[in-house]
Amino acid sequence: MATGRTHRPATRSRGIPEATVARLPLYLRALTALSERSVPTVSSEELATAAGVNSAKLRKDFSYLGSYGTRGVGYDVEYLVYQISRELGLTQDWPVAIVGIGNLGAALANYGGFASRGFRVAALIDADPAMAGTPVAGIAVQHTDDLDRIISDSGVSIGVITTPPGAAQQVCDRLVAAGVTSILNFAPTVLSVPEGVDVRKVDLSIELQILAFHEQRKAGEDAPLEGEDPQAPPMRATPASRKGPDGDMPAVMPA
């Protein structure tokens, strides 16, 4: 089986926009669910709804793949699963190393969904000497002192960083020096990498803060104005009741 160290996806060379690449996993997830229910074909409207995008954008995205569906029939589900999987590089084996085996790192190591999506957790690495040799998800944790050798022996090209923020950049530098060219960063810090190395950041605290903003705004919309009877129906400003430097402003500005 081919490994991620010697085979790279062809999306960039084929000129597929990054925004389209970012939506391909959404389509694949929806298509996989349809495939598991033995649904043979799906219309662009049905698939777009399942993926959470509009159908025109979906058809445009699929045109980059050379897939246009059949009028009156729709898209072949199994073929699209294969086509998108191939485009994303999921028809080959991608060995992954997780660095930082705390609660989050251990949870990722135990996640059963990686294997079915083309990813294999090949190495678990931690700086704590007491963790060395400890089995997590059936894999023995190895010490960071051996990181270069571990990456080389495992053929890893994707590294996952789940360390505290203060250690993340050093770990990133060592992963890059060892030949890792793609990094998924869960540490709440911005990483600096050389050209040719891709970093995807997952910051759970930022996502929660964004949700908190929306919750606060929703609560503010429901709160009574000063001097207003809280039992009375809430009054909403009309577009004409608010003025801006360029004239009337809508009561609620679009997000």
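Select Gln142. At 24% relative accessibility it counts as partly exposed; partly exposed means between 20% and 50% relative accessible area, with buried under 20% and exposed over 50% (1.4 Å probe, protein chains only). Gln142 sits in strand S6. Helices here are DSSP runs of H or I with at least four residues, strands are runs of E with at least two, and both are numbered from the N terminus.

Show the surroundings of Gln142. Leaving aside neighbours within four places in sequence, Gln142 is in contact with Ala123, Leu124, Ile125, Asp126, Arg149 and Ile150. Contact means heavy atoms within 4.5 Å. Now draw a distance from Gln142 to Ala127. The two are 15 residues apart in sequence, and their C-alpha atoms are 8.5 Å apart in space.

**Before going on**

This is a predicted model, in which local features need pLDDT of at least 70 and side-chain atom pairs count only at pLDDT 80 or more, while totals for chains, interfaces and linings use all residues. Residues are numbered from 1 along each chain as its sequence is written, and side-chain values use heavy atoms, with hydrogens and water left out.

Colour by pLDDT, the predictor's confidence in each residue, from 0 to 100. The mean for the protein is 84, and 81% of its residues reach 70 or more. Residues 1–13 have pLDDT below 50; beyond near neighbours in sequence, this stretch has 32 contacts in the model. Residues 237–255 also stay under 50, with 18 contacts beyond four places in sequence. Where pLDDT is low, the predicted coordinates should not be read in detail.

Zoom out. The protein has 8 helices and 11 strands. Of its 255 residues, 36% are buried. Among contacts between residues at least 6 apart in sequence, 56% join residues at least 24 apart.

**Ala137**

Select Ala137. This residue lies in the loop between strand S5 (135–136) and strand S6 (139–143). Its phi is near 55°, a positive value in a residue other than glycine. Most residues other than glycine have a negative phi. Ala137 is partly exposed, at 40% relative accessibility.

**Helix H1**

Select 18–36, which is helix H1. H1 has 19 residues and reaches 28 Å from its first C-alpha to its last, close to the 27 Å expected at 1.5 Å a residue. That expected span is 1.5 Å times one less than the number of residues.

Which residues of H1 are buried? They are Thr20, Val21, Arg23, Leu24, Tyr27, Leu28, Ala30, Leu31 and Leu34. The elements covering them include S1, H2, H3 and H4.

Pick Arg23 from that set. Its relative accessible area is 18%, so Arg23 is buried. Beyond four places in sequence, Arg23 is in contact with Val53, Lys57 and Asp61.

**H1 against H4**

Add helix H4 (77–87). The axes of H1 and H4 come within 9 Å and cross at roughly 145°. Axes are lines fitted to C-alpha atoms, for helices over the stretch in contact, and angles run from 0 to 180 degrees between N-to-C directions. H1 contributes Leu24, Tyr27, Leu28, Leu31, Thr32, Leu34 and Ser35 to the contact, and H4 contributes Val77, Glu78, Leu80, Val81, Ile84, Ser85 and Glu87.

**The largest core**

Show side chains. A nonpolar core is a set of buried Ala, Val, Leu, Ile, Met, Phe, Trp, Tyr and Cys residues joined through side-chain atoms within 4.5 Å. The largest one has 23 residues, and those with the most contacts inside it are Tyr27, Leu31, Val42, Leu47, Leu58, Phe62 and Ile84. Two or more residues each come from H1, helix H2 (44–51), helix H3 (55–65) and H4. H1 gives the largest share, 7 residues.

Centre on Leu47. Beyond four places in sequence, Leu47 is in contact with Tyr27, Ala30, Leu31, Leu34, Val42, Leu58, Phe62 and Leu80. Apart from this core lies another, of 20 residues, among them Ala122, Ala123, Ala168 and Ala187.

**The loop after H1**

Last stop: Ser38, in the loop between H1 and strand S1 (41–42). Phi of Ser38 is positive, near 60°. Ser38 is exposed, with a relative accessible area of 64%.

Move to Pro40, in the loop between H1 and S1. Pro40 is exposed, at 57% relative accessible area. Not counting residues up to four places away in sequence, Pro40 touches Tyr75, Asp76 and Val77. The C-alpha atoms of Pro40 and Tyr75, 35 residues apart along the chain, are separated by 8.5 Å.
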